[in-house]
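Me: Please set out the structure below as a series of questions and answers on its salt bridges, one of its helices and its nonpolar cores.

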Amino acid sequence: MANVKIVTDSCSDLGKDIREKYDIEYVRMNTVYKGEETPASLDWEYYSPKELYDIMRNGERVLTTQVPPEEFKNVFTKFLEEGNDIVYIGCSAKLSGSINIGTMVAKELMEKYPERTIKCIDALNSCMGEGALTVYAANLRNEGLSAEEIANKVIEVRLNVNQFATVHSLEFLKRAGRVTASSAFFGNMLGVKPILISDKNGANTPIKKVKGRENSLREIVNQLKETIVDAENQTIFLAHADCQEDADFVKSLVEQEIPCKDIYVNYIGPIIGASVGPGTVALFAFGKEVTVEA
């Protein structure tokens with residue numbers, strides 16, 4: 001049986017520590033600021049989280065690109081040449097076209113390497129929801145499953161990945177086209193904070209509105225507590241957009257309310273961060289099947 005490489009992308013927001021622990025690779029998207037493209041590194045090699053989020057705090061917009069075809073081709077070819085099969089878990093197609101590009105490149109490469117297998121899977125999620133699914137796939141690989149078997153099991157459980165997120169300001173979602181200008185204006189004026197999930201189609205969908213920052217942080221913990229399954233045996237993923245104090249507060253609430261195995265905390269990376277803006281906090285874990293549809 002061939003070895004299997006697990007690959008994700010810049011939207012997974014997995015730090016180097018967890019990628020090295022589970023032998024996970026990722027393909028890079030790009031950020032675009034003042035016309036200059038920069039690889040969206042999850043290790044913040046080109047700018048710090050504070051530098052990125054301060055740009056947004058100062059009223060400027062950072063744009064993003066999909067994973068370029070050449071990036072897929074270079075990474076996939078390297079692993080194929082080494083005798084590996086590949087499972088790529090990509091950001092929701094509702095948020096990025098990267099999964100479609102990866103699938104196209106994989107089809108071309110499998111004609112050149114007919115003895116190899118490449119499986120491209122839409123995570124129907126992003127940020128650490130995509131990351132959690134990638135870690136799940138890596139564990140399956142470590143158990144000796146084939147690329148085909150891993151892909152089938154990932155598809156079976158991807159709607160069990162639950163996301164609960166809140167943003168500090170609706171302004172950034174407005175800039176990214178996620179909410180209307182009027183909704184952002186009145187929401188910010190009234191201190192309304194939406195609770196966002198990744199729905200069954202992979203779209204970010206508000207399920208509730210809460211007044212006040214602290215209430216919104218408490219609410220994402222309450223929502224996860226209601227949906228998580230087998231908490232004692234899993235890692236809860238906590239992502240934040242340069243708001244460590246709020247992340248620490250949410251982590252303390254999780255520790256009090258949900259008896260999980262552990263909590264993994266990391267920054268929301270450059271790609272997701274460019275849409276949601278500074279101050280966003282999100283929780284992810286496996287739980288009840290997501291049935292909400294926008």
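Me: Is aspartate 43 buried, partly exposed or exposed?

Reply: The model is predicted, so local features need pLDDT of at least 70 and side-chain atom pairs count only at pLDDT 80 or more, while totals for chains, interfaces and linings use all residues. Residues are numbered from 1 along each chain as its sequence is written, and side-chain values use heavy atoms, with hydrogens and water left out. Buried means under 20% relative accessible area, exposed over 50%, and partly exposed in between (1.4 Å probe, protein chains only). With a relative accessible area of 25%, aspartate 43 is partly exposed.

Me: Which residue meets the side chain of aspartate 43 in a salt bridge?

Reply: A salt bridge is a side-chain nitrogen of Lys or Arg within 4 Å of a carboxyl oxygen of Asp or Glu. The pair links distant parts of the chain, 24 residues apart, with aspartate 43 in the loop between β4 (36-39) and α2 (49-57). The partner counts as buried, at 8% relative accessibility. At 2.9 Å, N to O, the residue that meets aspartate 43 is arginine 19.

Me: In which helix does arginine 19 lie?

Reply: Helices (H or I, at least four residues) and strands (E, at least two) are DSSP runs, numbered from the N terminus. Leaving aside neighbours within four places in sequence, arginine 19 is in contact (heavy atoms within 4.5 Å) with Leu14, Ile24, Tyr26, Leu42 and Asp43. The helix that holds arginine 19 spans residues 16-21 and is α1.

Me: Which residues are linked with Asp54 and Arg57 in a network of salt bridges?

Reply: Aspartate 54 and arginine 57 form a salt bridge, with their closest N and O atoms 2.8 Å apart. Being three residues apart in helix α2, the two are separated by about one helical turn. Aspartate 54 is partly exposed at 22% relative accessibility, and arginine 57 is partly exposed at 39%. The network joins this pair to Lys50 and Asp242.

Me: Which residue forms a salt bridge with glutamate 219?

Reply: Glutamate 219 is buried, with a relative accessible area of 12%. The closest N and O atoms of the salt bridge are 3.0 Å apart, and the partner of glutamate 219 is lysine 208. The pair links distant parts of the chain, 11 residues apart: glutamate 219 is in helix α9, and in strand β10 (residues 204-211) is lysine 208.

Me: Within what arc do the buried residues of α10 fall?

Reply: The buried residues of helix α10 are Ala247, Val250, Leu253 and Val254. On the other side of α10, Glu245 and Gln256 are exposed. The arc is that of the directions from the helix axis to the C-beta atoms. Seen down the axis of α10, the buried residues line one face of the helix, because they fall within an arc of 120°.

Me: Which helix gives the most to the largest nonpolar core?

Reply: A nonpolar core is a set of buried Ala, Val, Leu, Ile, Met, Phe, Trp, Tyr and Cys residues joined through side-chain atoms within 4.5 Å. The largest has 67 residues, and those with the most contacts inside it are Phe76, Ile150 and Phe237. With eight residues, the helix that gives the most to this core is α5 (residues 127-142).
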